[in-house]
Amino acid sequence: MKLNYKRTFFIGLAFLSISAFWQMYDNIVPLILQGTFHMNETITGAIMAGDNVLAVFLLPLLGALSDKADTKWGRRTPFIVVGTALAVVLMLLLPIADRKANLLLFVVSLFFLLISMGLYRSPAVALMPDLTPKPLRSQANAIINLMGAIGGVYTLILISLLLKGEGTPDYMPVFLGVALLMVAAVVLLLLTVPEKKLAEQIAAQNLAEEPEEEALADTAGELAPEVKKSLKMILLSIFLWFAAYNAVTTAFSRYARTVWQMEGGGFANCLMVATVAAIIGYIPIGYISARVGRKRTIQAGLALMLISFFAAVFFNQYHPVINVGFALIGMGWAAVSVNSLPMVVEMCSSGDVGKYTGLYYTFSMAAQIFTPILSGAFLQYVSYRTLFPYACAFTVAAMITMSMVHHGDNKPAMKKNILENFDVED
């Protein structure tokens, strides 16, 4: 059995467009909120946390709704098409509202835009396992994640090239560039992926090849006390390192302009370095995890992040060496994200994988709701220079709680196919 790489590439177009959008949202929306509408850091942070609040409710609901859908285009495709169409129209209203300084238009458009993105986020992610045989999903997920990274880099390149000079920038070219990518991606997906036909074929293939053991999966009950303690500690660790990392990614565009006096879209280059470094780091991280274990790899990743966050505190203006720090942040984050979810599900029985995966996302989403507000308050009421010390504090806390995790650390088997090292659950 071999993976259909061409088909998987086309399936991944939806995730590519989603990643391109969120990269733009995280970097441009805060600049508009502050530059045009003069909102303080706390309110800006609260608005930036809004997508995560909506996600907690929307993603499970809409994922379940798409499970039950039955149309001639399939279960997921209608959600992807409608969600993308609504999102493209609504996102183009944001730079218009920015030009007119119309706060009401901006807030209303942003609210419905986030709902539109939530409409197809879960169905788009679910499309890959629907259309991929079970033994090949790891390789397919590698391609999907790589395409998501490409989507993020695409947006960062747009920001870097199209936002130039001082004064009030015109964000419309960036929004148009991302909108065109989203439209092109969904059109190409429709033309190349007949979801319903393929889903029926894959479902039959999975049923025929499913081993009998899966029907007799372990359904162990209550966790042992020591395992339960490890679970609590790693979930707390997940919350803490997401609090550190998300604070930096959400506020960095503002920090770069305020503290390092970076004009235009120059700040995007640092984020692009981190993203590319993470992509490059996935393969060696897979080998390191197989040799030294997941826990040690996570701890090494946290150490890289801490060193970089701490070093950034001492820069009063931008210097090219900062990019070295962001490369280390990208590699450190890759080491953490590759291994954290496998450690969580390692502690549960096979029948509880979905439940424990839900716990993972509950804690990661909670951190992304909490940290823009708290870090935003520090930026507003203390100083912009609190950003990297804030990230250091939460990273150190994550290192302490991670040291208390003593289960879920089975060394992953070495991958037979090099692409499997890119299989990141995110």
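Leaving aside neighbours within four places in sequence, with which residues is R7 in contact? In the predicted model examined here, R7 is in contact with L131, L198 and I202 once those sequence neighbours are set aside. The residue itself lies in helix α1, which comprises residues 5–11. With a relative accessibility of 19%, R7 counts as buried, because the limit for that class is set at under 20% relative accessible area.

A second site concerns I369, which lies in helix α15, a helix formed by residues 353–381. I369 has a relative accessible area of 22% and is therefore classed as partly exposed, since this class covers values between the buried limit of under 20% and the exposed limit of over 50%. When residues up to four places away in sequence are not counted, I369 touches A49, N52, V53 and V56. For one of these partners, N52, the separation along the chain can be set beside the separation in space: I369 and N52 are 317 residues apart in sequence, whereas their C-alpha atoms are 5.8 Å apart.

The cysteines were considered next. A disulfide is a covalent bond that joins the sulfur atoms of two cysteines. The structure holds zero disulfides, a result that rests on the criterion of a pair of cysteine sulfur atoms within 2.5 Å. Among the residues examined for accessibility, C270 is buried, with a relative accessible area of 1%, and C392 likewise counts as buried, at 10% relative accessibility.

Note on methods. Residues are numbered from 1 along each chain as its sequence is written. This is a predicted model: local features need pLDDT of at least 70, side-chain atom pairs count only at pLDDT 80 or more; totals for chains, interfaces and linings use all residues. Side-chain values use heavy atoms; hydrogens and water are left out. Helices (H or I, at least four residues) and strands (E, at least two) are DSSP runs, numbered from the N terminus. Buried means under 20% relative accessible area, exposed over 50%, partly exposed in between (1.4 Å probe, protein chains only). Contact means heavy atoms within 4.5 Å.
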